Structure formats: structure tokens, C-alpha cells
Amino acid sequence: MTIVVTGATGHFGRLAVEALLRRGVPAGQIVAVGRGVEKIKDLADQGVVVRKASYDDPQSLRAAFAGADRLLFVSGSEVGQRVAQHRNVIAAAKDAGISKIAYTSAPHADTSSMILAGEHLATERALAESGIPSVFLRNSWYLENYDLKGALEHGLYGAAGKGKLSIATRADLAEAAAAAIAADGFDQQVYELGGEGVTLTELAAEVSRQSGRDVTYTDLSPEKFTEFLVSVGLPEQFAAVLADSDKNAAAGALYTGTEDLQKLLGRPVTPLGDAVRAALV
């Protein structure tokens with residue numbers, strides 16, 4: 001059984017490849033696909049098959065997927081372009097005869113009003129239409145989305161109010177993705193994946209506990225949060241998308257509970273305190 005991992009040159013995809021290796025999947029049965037393959041030369045040195053491909057290049061995807069059985073489909077990062085890119089991936093998977101796909105989606109993609117969820121829902125629908133058996137891994141927010149070291153100096157800012165977010169480490173979510181695509185015992189089509197539910201005020205308090213520094217959370221309106229993100233260097237369109245996510249998080253859009261993540265991991269999620277402590281090192 002050969003497993004392809006797309007986006008393997010990014011943080012999540014690389015962690016997923018490493019998780020597959022830890023699970024005992026032979027390196028020669030893992031195909032790590034990405035654009036900047038020089039970043040994963042060390043994986044190639046371990047025997048992982050490395051192939052260069054882009055979501056914008058259907059021919060490169062078909063070549064990368066040739067001979068594979070399963071696909072861990074890590075969603076693209078280019079907001080606004082992902083639907084077309086993802087359709088390229090699905091078409092290439094169908095041409096290659098892929099028998100199972102696990103796709104990294106967004107929390108509650110079928111009911112969420114988050115701007116970010118729209119492209120993920122369109123992808124889930126395209127996967128369903130393809131006829132390829134697919135699993136939707138609806139990942140909540142990564143802890144790594146937050147600059148916790150920077151928060152030691154400037155505090156945390158957002159627009160999530162008192163909404164609880166099921167924040168998880170990227171490593172936990174990548175390990176769960178590896179389990180979902182490699183194991184045969186998981187038969188849910190949808191997994192709502194997240195860690196401990198905390199407000200951003202509680203996250204700031206945990207950063208304070210782990211660092212011994214006074215860290216506070218400042219809650220802004222979505223408009224003011226957009227302005228803040230632009231002021232620290234984010235493009236305005238992307239800043240508005242992130243502020244929209246926080247606005248929806250205030251109403252529970254990023255809360256999933258831990259049950260599904262623990263099911264795939266076969267263990268408890270990494271405790272928030274441990275994750276924050278590691279992030280501050």
C-alpha cells in the first residue's frame with residue numbers, strides 16, 4: 001500500500017509523513033509531494049519517495065500520484081484559489097485510481113458561516129462527487145496560529161470574545177491525519193478535530209502561567225482586529241478572513257470537543273499547558 005502526502009514540504013504535511021514513519025509505514029511506501037522538495041531532502045535520505053508537484057499543475061499531480069493507493073490531501077494555503085487547485089488534485093487522484101482520500105478540512109464546514117469554510121465545503125462536495133471514498137478531517141485552530149513568544153511582549157489580540165476554541169497542536173492533528181489514512185479501523189466520514197476548548201482570555205492566562213509573565217488578551221471588534229492585523233504586516237484581504245474567523249469563533253464555530261481527535265490518536269490530546277510550554281521554548 002502506497003500513501004501519498006501532499007503539501008509535504010509544509011509544516012503539516014511534513015509532520016504527517018513523520019507520523020506515518022513512526023506508525024511503521026515503510027519509507028518506500030510513502031510519497032511526499034510538494035513544490036519545494038529541497039526542504040525534505042532529509043526524508044528522501046530516509047527512503048521516502050519525494051516527488052515535485054504543484055496544485056496548479058495537473059500534469060505534475062498525475063505523475064506524483066501514479067501507482068499510489070491512498071492520498072492524504074493537505075489543503076492548499078492560497079485562500080481564494082483553493083477550489084480550482086483542489087479540483088486538480090481530485091481529478092489527478094481519480095486518474096491514478098486512488099482508493100481512499102483523507103482531506104484536511106475546516107470545523108463544521110457544512111454548517112459554518114466562516115469565509116474560510118466555503119472553500120473547504122466546496123472541496124468536500126467535489127470529493128463526494130468524485131466517487132472516491134473520502135474522509136473529512138475538519139481541523140480546528142492550530143496553537144501555532146498564535147505568536148505566543150510575541151505575546152510575552154505585546155499580549156494576545158483577537159475578536160473571538162468569550163467563544164471557546166478547540167485549539168490543538170499541529171503535531172497532534174498531523175498524527176491524527178496519518179492514522180486516518182493509514183489505518184483500516186476508522187470508518188467515520190467526518191471527524192471534527194480539536195483540542196481543549198479555551199477562550200483566548202484563558203489562553204493568555206495559560207501563557208502567563210507557563211512563562212511567569214503577565215500576558216493579557218485584548219478583544220477587538222472584527223473591524224479593529226482587521227486593522228490591527230494589517231498594521232503588523234498581513235495583507236488586508238487575509239486579515240479580514242482571519243477577523244471573520246474570530247467573529248465566528250465567538251459564536252462557537254471553532255469548538256469541536258476532543259472526542260474525535262482522541263479517537264484517531266488513540267490517546268489523550270496534548271494538554272494545553274504542555275503545548276504552550278513547548279511553544280515558549
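Let's start with Val 5: setting aside residues up to four places away in sequence, it touches Gly 13, Ala 16, Val 17, Leu 20, Val 31, Ala 32, Val 33, Leu 72 and Val 74. Keep in mind that this is a predicted model.

**The nonpolar cores**

Val 5 is also one of the hubs of the largest nonpolar core, which has 36 residues. The members that touch the most others are Val 5, Val 17, Leu 20, Leu 72, Leu 137 and Leu 261. Where do the residues of this core come from? At least two each are supplied by S1, H1, strand S2 (30-34), strand S6 (134-139), helix H7 (170-182), strand S9 (190-193) and helix H11 (259-265). H7 gives the largest share, with eight residues. There's a second, separate core too, with 28 residues, among them Leu 116, Ala 151, Ile 167 and Leu 272. As background, nonpolar side chains tend to be buried together in soluble globular proteins.

**Two helix pairs**

Two packed helices are described by the angle between their axes and the distance between the axes. Here are those values for two pairs in this model.

| Helix pair | Angle between axes | Distance between axes |
|---|---|---|
| H3 (residues 58-65) and H4 (residues 82-96) | roughly 40 degrees | within 9 Å |
| H8 (residues 200-211) and H12 (residues 272-279) | about 65 degrees | 9 Å |

Take H3 and H4 to begin with. With the axes crossing at roughly 40 degrees, the two helices are therefore oblique to each other. Their crossing is right-handed. On the H3 side the contact is made by Pro 58, Leu 61, Arg 62 and Phe 65, and these meet Asn 88, Val 89, Ala 92, Ala 93, Asp 95 and Ala 96 in H4. Sorted by character, the residues of this contact come out as seven nonpolar, one polar and two charged.

Now for H8 and H12, whose crossing is right-handed. H8 brings Leu 203, Glu 206, Val 207 and Gln 210 to the contact, while H12 brings Leu 272, Gly 273, Val 276 and Arg 277. That set splits into four nonpolar, two polar and two charged residues. Leu 272 turns up again here, having been named in the second core.

Val 207 deserves a closer look. This residue lies in helix H8, and its relative accessible area is 0%, so it counts as buried. Beyond its neighbours within four places in sequence, Val 207 is in contact with Leu 148, Leu 152, Val 215, Val 276 and Leu 280. Of these, Val 276 is a residue of H12 that takes part in the helix contact. Going back along the chain, Gly 194 is 13 residues from Val 207, and their C-alpha atoms are separated by 19 Å.

**Strand S6**

Ser 134 lies in strand S6, one of the elements that feed the largest core. Is Ser 134 buried or exposed? Its relative accessibility is 11%, so Ser 134 counts as buried. Leaving out neighbours within four places in sequence, Ser 134 is in contact with Ile 101, Leu 127 and Gln 189. Gln 188 is 54 residues from Ser 134 in sequence, yet the C-alpha to C-alpha separation is 9.5 Å.

**Three loop residues**

Thr 9 sits in the loop between strand S1 (3-5) and helix H1 (11-22). At 19% relative accessibility, Thr 9 is under the 20% cut-off, which is why it counts as buried. Apart from neighbours within four places in sequence, Thr 9 contacts Val 33, Gly 34, Arg 35, Gly 36, Val 37, Lys 39 and Ile 40.

His 108 belongs to the loop between strand S5 (100-105) and helix H5 (115-130). Most residues other than glycine have a negative phi. His 108 has a positive phi of about 50 degrees, although it is not a glycine. With a relative accessible area of 23%, His 108 is partly exposed.

Leu 220 is found in the loop between strand S11 (217-219) and helix H9 (222-231). Its relative accessible area is 22%, so Leu 220 is partly exposed. Not counting residues up to four places away in sequence, Leu 220 touches Tyr 157, Gly 158, Ala 159, Phe 225 and Phe 228. Lys 247 is 27 residues from Leu 220 in sequence, with 9.8 Å between their C-alpha atoms.

Technical notes: Residues are numbered from 1 along each chain as its sequence is written. This is a predicted model: local features need pLDDT of at least 70, side-chain atom pairs count only at pLDDT 80 or more; totals for chains, interfaces and linings use all residues. Side-chain values use heavy atoms; hydrogens and water are left out. Helices (H or I, at least four residues) and strands (E, at least two) are DSSP runs, numbered from the N terminus. Buried means under 20% relative accessible area, exposed over 50%, partly exposed in between (1.4 Å probe, protein chains only). Contact means heavy atoms within 4.5 Å. Axes are lines fitted to C-alpha atoms, for helices over the stretch in contact, and angles run from 0 to 180 degrees between N-to-C directions. Angles under 35 degrees count as roughly parallel, over 145 as roughly antiparallel, 65 to 115 as roughly perpendicular and the rest as oblique. A crossing is left-handed if the near helix is turned anticlockwise from the far one by less than a right angle, and right-handed if clockwise. Ala, Val, Leu, Ile, Met, Phe, Trp, Tyr, Cys and Pro count as nonpolar, Asp, Glu, Lys and Arg as charged, and the others, Gly among them, as polar. A nonpolar core is a set of buried Ala, Val, Leu, Ile, Met, Phe, Trp, Tyr and Cys residues joined through side-chain atoms within 4.5 Å.
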